Amino acid sequence: ADTCTQSQTLTQSETIKKLRELRMVERISVVLLWIPWNTISHLDSQNSNLLLFLRDRVKKSHIETYIHGWRTLSGNDSKRLSFECKLKRKSALAKKHFSNSNVDVNILPREIGVALSDAYADWDIDLQSHDMEVHLYAGDLGFLTCLPLLKQRISSRTWKLQAGLHSSVAWALARTLDIQPGEVVLDPMCGKGIPLLEAALGWPYGIFFGCDRSSTQLSIAAVNAIRAGVGVSSGSVVEFWACSSGIDGGIPLANASVDKVVADLPFGKQFGSVVENEQLYPRILCELARVVKQGGKCVFLTSSANEIIVRAALAQVRRGGGNGKAEASSCGDAWDVELRYSFLLFSKMKARIYVLRRTQNTPPPILVACLRCSEALAALRGHAEANATKWKQISSAKCEHDAQNIRKSELHWDHDKPTLFVHKLGGGGCNRLPWDDGRSWEIQWRLSRPSLDVVK
């Protein structure tokens, strides 16, 4: 805003172009008036004195100097202007300062609006349909009166009806998909629709479908889509359906009709549990294998607590120990694991991103996949328990000779080991995702956003 304090600078096309190309900011405003709190400390407790002081300062702020720049950006050259004052922020410190003068901070929009209308004869207050807004900020640094000029259409806050997965993480999932124009993208458990809508915002001209069992979540997703401005007007198709992705034919799409899948699978904390995920994950992976084309891509997010479930669902197995004949995974080798990425979600929760590729193999019926997954889970836990018993005995050995004998012998810890051996997942882990340049996802997401729009 400091670069826009003079109208002759603001109207230069090159300066405006540079302002609109900024990506890291959410909004650019001109500060019309700033009143530090120490400038009103001399006023007594009479509210009339404080309000008269604010009105007088507003009338002397030479706002018409900045309106010329606003007209240049908005293209509005009408002689009369309608406006509305809005109180955007009020901190606890600000409330304290105003309460000391017996002034309700919530009446400021009305008082400042009247002062502006009195100072400028061609300015009309209109709360319904106005040409521009004047924002008031009562914060810790003082009282600010600002004229918004530019705003970011894709914001981390503005289009979300409720809090959910952070936009930068949802964007990272969609970025990993590498969506191409015209491709069909599915979110089988879309919830509030955040990953799917981030994909539609960042990669328009596609077809995006979201499924969920909860009508409440779907209602929020539909509102989020409207607030985000995605749909036919933006060049993409976005639809949400009430259905269950965990049953045969639950997704209302034909076989091999989907190109890409993005999903934030339940972690087992806010929705469901890790125990329920033991049946849910193989169900979803089998149903997705039905609708995804051969060679199609799936990127999903989950927590480290569900890592053993993903391995049980997707890894091949051997019967009769590690030397037995290899058998297909619980999902029938319908998916190849291309890579696994580990990171801290919200700087505290261990999370995993899996990138899968659809093979030519046909998945088994969902109930069969669930039985196989349960068997693989029991084997993994049995091996882990046997190994824990083994190393506990080794660590308690009185000498190295005894420890060597325990390693070589087949004691009771080895007799009860499961005969089913579950392979490790393919693909291998990675230090960063293929597109990641090393900066934080927050920065990369912000830099990928479009240019700023004019506030109208």
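**Exercise 1. Work out how big the largest pocket of this predicted model is, and what lines it.**

*Solution.* Start with the volume: the largest pocket comes to about 960 Å³. Keep in mind that we're working on a predicted model here.

Next, look at the middle. The lining has 35 residues, and those closest to the pocket centre are Gln217, Asp264, Leu265, Pro266 and Phe271.

Then go from residues to elements. Two of them, α8 and α10 (274–291), give two or more residues to this lining. Of the elements, α10 gives the most, with 5 residues.

Finally, sort the lining by class: you get 16 nonpolar, 12 polar and 7 charged residues.

**Exercise 2. Do the same for the second largest pocket: which residues sit closest to its centre, and which element supplies the largest share of its lining?**

*Solution.* Volume comes up front again, at about 780 Å³.

Of the 28 lining residues, Glu26, Arg27, His135, Tyr137 and Lys151 are the closest to the centre.

Now for the elements. At least two lining residues each come from the strands β1 (27–35), β2 (81–90), β4 (132–138) and β5 (143–151), and from the helix α9 (215–228). The largest share belongs to β4, which puts in 4 residues.

Sorting by class gives 13 charged, 8 nonpolar and 7 polar residues in this lining.

**Exercise 3. Describe how α7 packs on α8: what is the angle, and how far apart are the axes?**

*Solution.* Grab the two helices first: α7 covers residues 167–177 and α8 covers residues 194–202. Their packing angle is about 65°, and the axes lie 8 Å apart.

Turn that angle into a word. Since 65 to 115 degrees counts as roughly perpendicular, α7 and α8 are therefore roughly perpendicular to each other. As for handedness, α7 passes α8 in a right-handed crossing.

Now list who touches whom. On the α7 side you have Ser167, Ala170, Trp171 and Ala174, and they meet Ile194, Pro195, Glu198 and Ala199 of α8. That contact splits into 6 nonpolar residues, 1 polar and 1 charged.

**Exercise 4. Find the geometry of the α10 and α11 pair, then say which residues make the contact.**

*Solution.* Helix α11 runs over residues 307–314, and it packs with α10 at an angle of about 35°, the axes being 10 Å apart. The crossing in which α10 passes α11 is right-handed.

For the contact itself, α10 brings Val274, Asn277, Glu278, Tyr281 and Leu285, while α11 brings Ile309, Val310, Ala313 and Leu314.

Last step, the classes: this contact has 7 nonpolar residues, along with 1 polar and 1 charged.

Conventions: Residues are numbered from 1 along each chain as its sequence is written. This is a predicted model: local features need pLDDT of at least 70, side-chain atom pairs count only at pLDDT 80 or more; totals for chains, interfaces and linings use all residues. Side-chain values use heavy atoms; hydrogens and water are left out. Axes are lines fitted to C-alpha atoms, for helices over the stretch in contact, and angles run from 0 to 180 degrees between N-to-C directions. Angles under 35 degrees count as roughly parallel, over 145 as roughly antiparallel, 65 to 115 as roughly perpendicular and the rest as oblique. A crossing is left-handed if the near helix is turned anticlockwise from the far one by less than a right angle, and right-handed if clockwise. Contact means heavy atoms within 4.5 Å. Ala, Val, Leu, Ile, Met, Phe, Trp, Tyr, Cys and Pro count as nonpolar, Asp, Glu, Lys and Arg as charged, and the others, Gly among them, as polar. On a 1 Å grid over the protein atoms alone, a cavity is a set of points where a 1.4 Å probe fits but cannot get out, and a pocket is an open set with protein on both sides within 12 Å along at least five of seven lines; lining residues have an atom within 4 Å of a point. Grid points are joined across faces, edges and corners, and a volume is the space filled by probe spheres set on the points.
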